[in-house]
Amino acid sequence: MSTKRKDLTIKEKKKLDKCSQREAALALKIPQPTLNNILKNREEIVIHEEQNLHIPRKRKRNEQNADVEESLLRWFQQARHLNVPVSNSISFEKSINLALQLGEF
């Protein structure tokens with residue numbers, strides 16, 4: 001087995017039910033304990049996929065401040081709709097302002 005980290009997509013994780021654990025670990029080139037963790041969390045994986053149908057992510061990212069992120073997304077969509085250029089520094093400043101306004105900071 002290789003020591004380099006391998007991130008599996010949700011689709012790859014869902015295919016693991018179709019063969020034995022050993023065969024799946026060899027085919028995906030991952031250690032068997034990693035495979036066991038994936039199989040143990042399979043219900044959470046399916047729920048995560050259903051919630052994020054159009055997002056091709058390999059890792060689940062937990063939002064720390066859902067209200068701030070939701071407000072920032074709405075602001076960003078509005079800015080893009082008005083063709084206002086948004087840089088990383090502008091969005092960072094806006095996120096801090098929103099966090100202060102929402103009492104998250």
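In the predicted model, the buried residues of helix α5 are V68, S71 and A79. Viewed down the axis of α5, these buried residues lie within an arc of 75°, so they line one face of the helix. The cover over the buried residues of α5 includes α6, which spans residues 88-101. Helix α5 itself comprises 16 residues, 66-81. The distance from its first C-alpha to its last is 22 Å, close to the 22 Å expected at 1.5 Å a residue. Just after α5, a positive phi of about 60° is found at N83.

A comparable description can be given for helix α2, formed by residues 21-28. Its buried residues are A24, A25 and L28. Around the helix axis they cover an arc of only 100°, which puts them on the same side of α2. The other side of α2 carries the exposed residues R22, L26 and A27. Exposure is assigned here to a relative accessible area over 50%, and burial to one under 20%. Helix α3 (32-40) is included in what covers the buried residues of α2. Following α2, residue K29 has a positive phi, near 60°.

The buried residues A24, A25 and L28 of α2 recur in the largest nonpolar core of the protein. This core has nine residues, the others being L8, I30, L35, I38, L39 and I45. The elements contributing two or more residues to the core are α2 and α3. In soluble globular proteins, nonpolar side chains tend to be buried together.

At the level of the whole chain, the protein contains six helices and zero strands. From the N terminus on, its elements follow the order α-α-α-α-α-α. The protein has 105 residues, of which 17% are buried. Its accessible surface amounts to about 8,800 Å², and carbon and sulfur atoms account for 50% of that area. When contacts between residues at least 6 apart in sequence are considered, 48% join residues at least 24 apart.

Taken together, the two helices examined in detail each have a set of buried residues confined to an arc, 75° for α5 and 100° for α2. The cover for these residues includes α6 in the case of α5 and α3 in the case of α2.

Technical notes. Residues numbered from 1 in each chain as written. Predicted model: local features only at pLDDT ≥ 70, side-chain atom pairs only at ≥ 80, totals over all residues. Heavy atoms only, no water. Helix = DSSP H or I, 4+ residues; strand = E, 2+ residues; numbered from the N terminus. Buried < 20%, exposed > 50% of the residue type's maximum accessible area, 1.4 Å probe, protein only. Contact = heavy atoms within 4.5 Å. Areas by Shrake-Rupley, 256 points an atom, 1.4 Å probe, with all protein chains shown as cover. Expected span 1.5 Å × (residues − 1). Arc of directions from axis to C-beta. Core = buried A, V, L, I, M, F, W, Y, C linked by side-chain atoms within 4.5 Å.
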